[in-house]
Amino acid sequence: MQSLWMLFAAFAFSLMGVGVKLASELYTTGEIVFYRSLIGVTIMWILLASQGTSVRTPHMVTHIKRSIFGVTALLLWFTSITLLPLATAMTLNYMSPVWIALILGAGAALAGTRGGTDKKLIGAILLSFAGVICLLQPSVGKDQLAGGMIGLVSGVFTALAYVEVRQLGQLGEPEGRIVFYFSAVGLVCGLVWMLFTGVSHHTWHGAVLLLAIGVLATLGQTSMTRAYKRGNTLLTANLQYAGIVFSSLWGMLVWDDKLNWISWLGMALIVASGIATTLTRARDTDKHPTPATPVKSPEAEVHPEV
């Protein structure tokens, strides 16, 4: 039953997406990332201090690499949310399991180890790209096509961030420290963005949105961590796709989004390919286990929060 925490995480992340889309009318993407990261750094600092865990690490270079990939994914994902229906942006970012499979498969091929050419995995990857074609059909406007490409690339950087998180987990780094450095790098990147674009005028409405984004991100991360640590990994990984359902409902309720049947088909294909990829990778892991089991991080598995 612990895996059901992922449903709450998916709900929190989808609601955070609503906040990001609404806040984008008042703030730049960099500002949203800055304030979201500021709240994240503050909360993680307090949690680490209460647990007696130091933020000092002997693996700073790996943390920086992981955080740069993750923050880039976050910036791209938030940008895609401003240009696309919420469900479409969420779905494109959730292609990260497919990109992860491609990255790990390419790495295995270059290293000369087993694992690259599974027919089921290839089928899942082709299925996902068929879904992308359906979702970003030629009939969409140029703005949506640009947003779609941005959302697609955000999934690639999410996958790259996961690979680094996997390495940090194998090195024994605590999850809280991984999230702390991710938020710290996001804080710096957001601040640099603001130095070039300026600072928007605050209103009570905007401040509440920014606070909600930060709190919902933290709630989502905490719930996801509990689901992965205490629940069934496969069930948890697949329950994350409930976020697409929640985002679709929010889009229809708040913005009166209307997706045609081809778009719904594309979303279904991407979800199916993600689930198939997860199952295939889990099967391969059972057959060829690695010496160390990676630590799951709340920033690693889902899109919205890489």
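## Helix H8 and its end

Helix H8 covers residues 175-197, which makes 23 residues. At 1.5 Å a residue, H8 should span 33 Å. The C-alpha atoms at its ends are 33 Å apart, so the expected span and the model agree. This model is a predicted one.

What follows H8? Gly198 does. The phi of Gly198 is positive, near 90 degrees.

## The chain as a whole

The chain has twelve helices and zero strands. Read from the N terminus, its elements run α-α-α-α-α-α-α-α-α-α-α-α.

There are 306 residues in the chain, and buried residues make up 50% of them. The accessible surface comes to about 13800 Å². Carbon and sulfur atoms account for 70% of that surface.

Now take the contacts between residues at least 6 apart in sequence. Of these, 92% join residues at least 24 apart.

## A nonpolar patch on the surface

Six residues make a nonpolar surface patch: Trp5, Phe8, Phe11, Leu211, Val215 and Leu219. The patch measures about 500 Å².

Which helices supply at least two residues each? Helix H1 (5-23) does, and so does helix H9 (204-230). Leu211 is one of the patch residues, and its place is in H9.

## Aromatic pairs

The structure holds nine aromatic pairs. One of them joins Trp5 and Phe8, with ring centres 6.5 Å apart and planes at 85 degrees. Planes over 60 degrees apart count as edge-to-face, so this pair is edge-to-face. Trp5 and Phe8 are three residues apart in helix H1, and therefore about one helical turn separates them. Trp5 has a relative accessible area of 33%, so it is partly exposed. Phe8 is partly exposed too, at 36%.

Phe11 pairs with Trp250. Their ring centres are 6.0 Å apart, with 50 degrees between the planes, and the pair is tilted. This pair links distant parts of the chain. Phe11 is in helix H1, Trp250 is in helix H11 (residues 242-254), and their positions lie 239 residues apart in the count along the chain. Phe11 is partly exposed at 33% relative accessibility. Trp250 is also partly exposed, at 21%. Ring pairs link Phe11, Phe246 and Trp250 into a cluster.

## Ala161 in helix H7

Where is Ala161? It is in helix H7, which covers residues 142-170. Is Ala161 buried or exposed? Its relative accessibility is 1%. Buried means under 20%, so Ala161 counts as buried.

Leave aside the neighbours of Ala161 within four places in sequence. Ala161 is then in contact with Arg66, Phe69 and Gly70. Ser96 is 65 residues from Ala161 along the chain. The C-alpha atoms of Ala161 and Ser96 are separated by 9.9 Å.

## Salt bridges

Side chains of opposite charge can pair when their charged atoms come close. How many salt bridges are there? The count comes to three.

Lys65 forms one with Glu164, and the closest N and O atoms are 3.5 Å apart. This pair links distant parts of the chain: Lys65 is in helix H3 (residues 60-83) and Glu164 is in helix H7, 99 residues apart. Lys65 is partly exposed, with a relative accessible area of 39%. Glu164 is buried, with 8%. Helix H7 thus holds Glu164 as well as Ala161.

Arg177 forms a salt bridge with Glu173, with 2.9 Å between the closest N and O atoms. Are these residues buried or exposed? Arg177 is buried, and Glu173 is buried as well.

The side chains of Lys258 and Asp256 also meet in a salt bridge, at 2.8 Å from N to O. Lys258 has 67% relative accessibility. Exposed means over 50%, so Lys258 counts as exposed.

How values were computed
Residues are numbered from 1 along each chain as its sequence is written. This is a predicted model: local features need pLDDT of at least 70, side-chain atom pairs count only at pLDDT 80 or more; totals for chains, interfaces and linings use all residues. Side-chain values use heavy atoms; hydrogens and water are left out. Patches are made of residues with over 30% relative accessible area and no salt bridge: like charges are joined within 9 Å, nonpolar side chains (Val, Leu, Ile, Met, Phe, Trp, Tyr) within 5 Å. Accessible areas come from the Shrake-Rupley method with a 1.4 Å probe; for residues, only the protein chains shown count as cover. A salt bridge is a side-chain nitrogen of Lys or Arg within 4 Å of a carboxyl oxygen of Asp or Glu. Helices (H or I, at least four residues) and strands (E, at least two) are DSSP runs, numbered from the N terminus. The expected span of a helix is 1.5 Å times one less than its number of residues. Buried means under 20% relative accessible area, exposed over 50%, partly exposed in between (1.4 Å probe, protein chains only). Contact means heavy atoms within 4.5 Å. Rings of Phe, Tyr and Trp (its six-membered ring) pair if their centres lie within 6.5 Å; planes under 30 degrees apart count as stacked, over 60 as edge-to-face and the rest as tilted.
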